[in-house]
Structures are given as structure tokens and as C-alpha cells.
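Hello,

Here is the structure I promised to pass on. Please open it and keep it beside this email as you read.

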Amino acid sequence: MNQQLSKLPASQTTIFTRMSNLAHEHQAINLSQGFPDFPVDPQLIELVSNAMKAGKNQYSPMAGLIQLRERITEKTATAYGYTYHPETEITITSGATQAIFSCIAAFIHPQDEVIIFEPAYDCYEPSITLFGGKTIPIQLSYPNYTIDWKMVANSVTPKTRMIIINTPHNPSGTVWSPEDMVQLEKLVADTNILILSDEVYEHIIFDNIAHQSVARYPNLASRSFIVGSFGKTFHVTGWKTGYCLAPSELMKEFRKVHQYNVFSGNHPVQEAIARYLENPSHYLSLPHFYQQKRDLFLSLLEGSSFKMNPTSGTYFQLLDYTAITEEGDVGFAERLTKEHKIASIPISVFNTSKQDDKVLRFCFAKTDDTLKRAAEILQTI
């Protein structure tokens with residue numbers, strides 16, 4: 001195709017697909033793409049099956065099943081003290097990525113600037129580009145990936161339309177602090193800047209750290225979209241069911257895009273999740289569940305040549321390999337997959353500058369047996 005016809009001429013197959021394909025080709029343990037390899041709760045499977053048998057197989061309402069939206073209202077109010085109206089301020093989406101895309105599509109005009117923090121999840125920049133916006137990357141520095149708020153302030157211009165935040169942060173696993181949220185609140189005060197808050201890992205957070213949702217901060221919530229993921233929360237990434245929260249005047253514009261994009265999400269899955277959410281322990285238990293896996297993985301790697309700072313959130317752990325080789329992270333990740341049969345994700349691909357800090361991302365949302373087999377390999381490198 002003539003590159004002049006493409007709206008994304010620089011876009012390639014995602015690193016997640018590339019590394020998963022490579023893992024499959026070389027029969028490697030796949031700790032690259034972020035999906036669990038353990039079973040889904042049989043109760044949740046039964047609830048979906050029952051919904052299908054009960055005839056819940058046609059279109060759900062455009063905004064999503066009202067019972068599910070009501071459960072989200074209750075969950076958010078209990079966790080963060082902010083109440084979203086289930087009729088006008090919550091929409092169920094076909095996964096978090098669709099919600100992020102729809103937010104950007106609804107509000108980004110040509111020449112609008114959108115600030116993102118890099119390394120950044122890879123769907124942000126292409127979506128901004130598709131609608132004529134300009135991505136303004138703020139580089140976070142390894143190993144702590146903290147935010148230089150002076151740099152952010154200096155990047156704000158009259159063209160700044162949106163700031164995309166992500167906490168807990170993929171791929172680094174860092175978590176925003178209350179001080180970060182206050183700094184963001186001060187930065188956007190007296191502006192028309194919108195916030196898109198990617199909070200898909202809100203329940204996967206460790207060491208008794210409290211998730212800093214924008215819903216905790218009314219002055220931020222009034223200008224923000226929150227994106228959540230049931231796929232991440234309930235270990236069902238293939239169900240592609242997420243949600244978006246926003247004040248009614250913003251949600252009205254969001255739904256204009258949503259209704260002509262996917263219109264509605266999976267009906268029986270929504271029925272099942274609405275019932276499943278009636279027991280909050282299904283998500284409140286996640287920090288303990290995943291911290292056990294994080295701690296097991298790190299303990300198994302003690303004495304290896306990798307350096308590691310325990311991740312604070314998500315189910316990803318970064319490993320620094322500077323004591324092993326000076327190879328670039330993409331090349332090293334590919335060699336690990338081909339020669340050592342273990343797949344990971346290089347971090348430089350999430351930086352516009354391709355900054356390479358010689359770290360790889362490993363997913364520990366796996367069975368203990370998988371983690372043990374992976375650690376045995378990594379101990380030999």
C-alpha cells in the first residue's frame with residue numbers, strides 16, 4: 001500500500017503478538033503477553049452458561065446491562081467514595097482498549113496535544129494519531145519510573161487537550177502516590193484539560209498500598225474518564241469486557257462513538273459478572289493472591305544474575321539484565337525465547353525514543369508450576 005494512504009504508516013504488529021508468536025514457534029514458556037494460564041473460577045463459568053441457557057444471547061442495551069452498571073456504582077462508591085450514576089455515567093465496553101479508543105475518538109481533534117507517560121501501553125499513541133492529535137511523551141526514568149512534575153508542567157500548552165495516566169502502571173508496575181494525584185490536580189486546575197485514567201489493574205496492587213483512583217479526587221473526577229477491566233480482574237482476558245466511568249456530560253459524547261463502534265458488549269458475560277460482583281471478595285482477594293505469586297517468583301530468582309525491584313502493582317515484574325549482557329532488550333528477549341525457551345517483553349518498544357534501560361517484563365499471572373519452570377531457566381542465564 002502507498003504509505004501516503006495509511007493513517008498509521010509507522011505502526012507494526014504489536015510486540016505482544018510478535019513475542020507470543022515467537023514463544024509458540026519455539027515452544028517457549030510464555031511470560032510475555034499478560035494473560036493467566038490458570039483456570040477461571042468455575043462459579044463464573046457456570047453463571048455465563050446459565051445466562052446463555054436462559055436466553056440472554058441477543059444485544060444488551062447500548063450502555064450495558066443496568067444490573068452490571070449498578071454493581072459498578074456500588075463497588076466504586078465503596079472503594080473510592082465517589083458515586084457514578086448507573087444510567088448516565090457508566091458504559092460497559094468490549095474491553096478496556098475499546099474504552100480508551102472511544103475516549104480519544106470522542107474528544108481529540110486535529111492538532112490537539114495529548115500527554116502520555118513513557119514507557120506507555122502501546123494503544124495510546126496510535127489512537128491519538130488516528131484522530132490527528134499529537135502525542136507529547138514524558139519519559140519516566142528507570143528504575144523508579146517516578147514523574148518529574150516540572151517536566152509535565154513545562155509540556156502543557158494551550159493545545160493540551162488530554163493527559164493519559166495509568167496506575168498501576170503497565171509495563172513498569174509502579175503505582176501513583178497521593179502526592180502524584182495532588183500534583184496532577186494542581187496542574188489541570190483552571191484548564192479544560194481532560195484526564196483519561198487507565199486503571200485496569202486497580203485491584204492488583206501490593207504491600208498494602210492503596211490504589212489512587214481519580215475517583216478519590218472530586219476535582220479530578222469531574223474532568224476524567226476511568227477505564228476498568230473485568231478481564232484483568234477476573235482472569236478472563238479473552239472475554240474482552242471492560243467499562244468506562246465519567247461525568248454525564250462527558251459520557252454523553254463517549255457514547256456517541258461507542259454506539260457506532262461496537263454498540264454493545266457481550267450480553268451473557270455481563271449477566272454473569274453482575275451476579276459475580278455481588279460477592280466483593282472476588283476482587284478484594286486479588287492483592288493477596290497476586291502478591292503470593294510475585295513473592296514466589298522473586299524468591300525463585302534469588303541468586304540469579306538478574307537485578308529486580310519488587311513490582312508494586314500489575315502482574316508484571318521487570319528484570320534488569322545489565323550483569324548478563326550489553327545486548328539491546330529486543331535482541332536479548334528474542335534470544336531468550338529462541339535459545340532458552342522463555343519469552344518476555346522488551347521495554348524499549350514502549351518508548352518513543354526507544355530508550356533502552358536493559359530490562360525485560362515478565363508476567364507472573366501463571367501457575368506456581370509455570371513460575372518454577374521459568375525461574376529454573378532464568379537461573380541458568
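Below is what I found, sheet by sheet, with one helix pair in between. Keep in mind that this is a predicted model.

**The seven-stranded sheet**

Start with the open sheet of seven strands. Its order is 2-8-7-6-5-3-4, and the pairing is mixed. Which strands sit at the edges? They are strand 2 (90–93) and strand 4 (134–139). Each of these edge strands pairs on one side only. On average, neighbouring strands in this sheet are turned by 20° against each other, ignoring direction.

Now look at one pair inside the sheet. Strand 6 (residues 194–198) and strand 7 (residues 224–229) are parallel partners, with four bridges between them. To find one of the partners, go to Ser197: its bridge partner in strand 7 is Ile226.

Helices pack here too. Helix 3 (residues 66–80) packs on the sheet and touches strand 2 and strand 8 (242–245). The direction of helix 3 makes about 115° with that of strand 2. Helix 10 lies across strand 2, strand 6, strand 7 and strand 8. Helix 10 runs at about 25° to strand 2.

**Helix 4 against helix 10**

Helix 10 (residues 248–261) also packs with helix 4 (residues 96–107). How are the two arranged? Their axes are 9 Å apart, at an angle of about 115°. Angles of 65 to 115 degrees count as roughly perpendicular, so helix 4 is roughly perpendicular to helix 10. The crossing is right-handed.

Which residues make the contact?

- From helix 4: Gln98, Ala99, Phe101, Ser102, Cys103, Ala105, Ala106 and Phe107.
- From helix 10: Leu250, Glu253, Phe254, Val257, His258 and Asn261.

Sorted by class, this contact has nine nonpolar, four polar and one charged residues.

**The three-stranded sheet**

There is also an open sheet of three strands, in the order 9-12-11. Here the pairing is antiparallel. The edges are strand 9 (316–320) and strand 11 (345–346), and each pairs on one side only.

How many bridges join strand 11 to strand 12 (residues 359–363)? Two, and the strands run antiparallel. Pro346 is a good place to look: its bridge partner in strand 12 is Leu360.

Helix 14 (residues 329–340) lies across strand 11 and strand 12. Helix 14 runs at about 45° to strand 12.

Best wishes

Methods. Residues are numbered from 1 along each chain as its sequence is written. This is a predicted model: local features need pLDDT of at least 70, side-chain atom pairs count only at pLDDT 80 or more; totals for chains, interfaces and linings use all residues. Side-chain values use heavy atoms; hydrogens and water are left out. Axes are lines fitted to C-alpha atoms, for helices over the stretch in contact, and angles run from 0 to 180 degrees between N-to-C directions. Angles under 35 degrees count as roughly parallel, over 145 as roughly antiparallel, 65 to 115 as roughly perpendicular and the rest as oblique. A crossing is left-handed if the near helix is turned anticlockwise from the far one by less than a right angle, and right-handed if clockwise. Contact means heavy atoms within 4.5 Å. Ala, Val, Leu, Ile, Met, Phe, Trp, Tyr, Cys and Pro count as nonpolar, Asp, Glu, Lys and Arg as charged, and the others, Gly among them, as polar. Two strands pair if DSSP finds at least two bridges between them.
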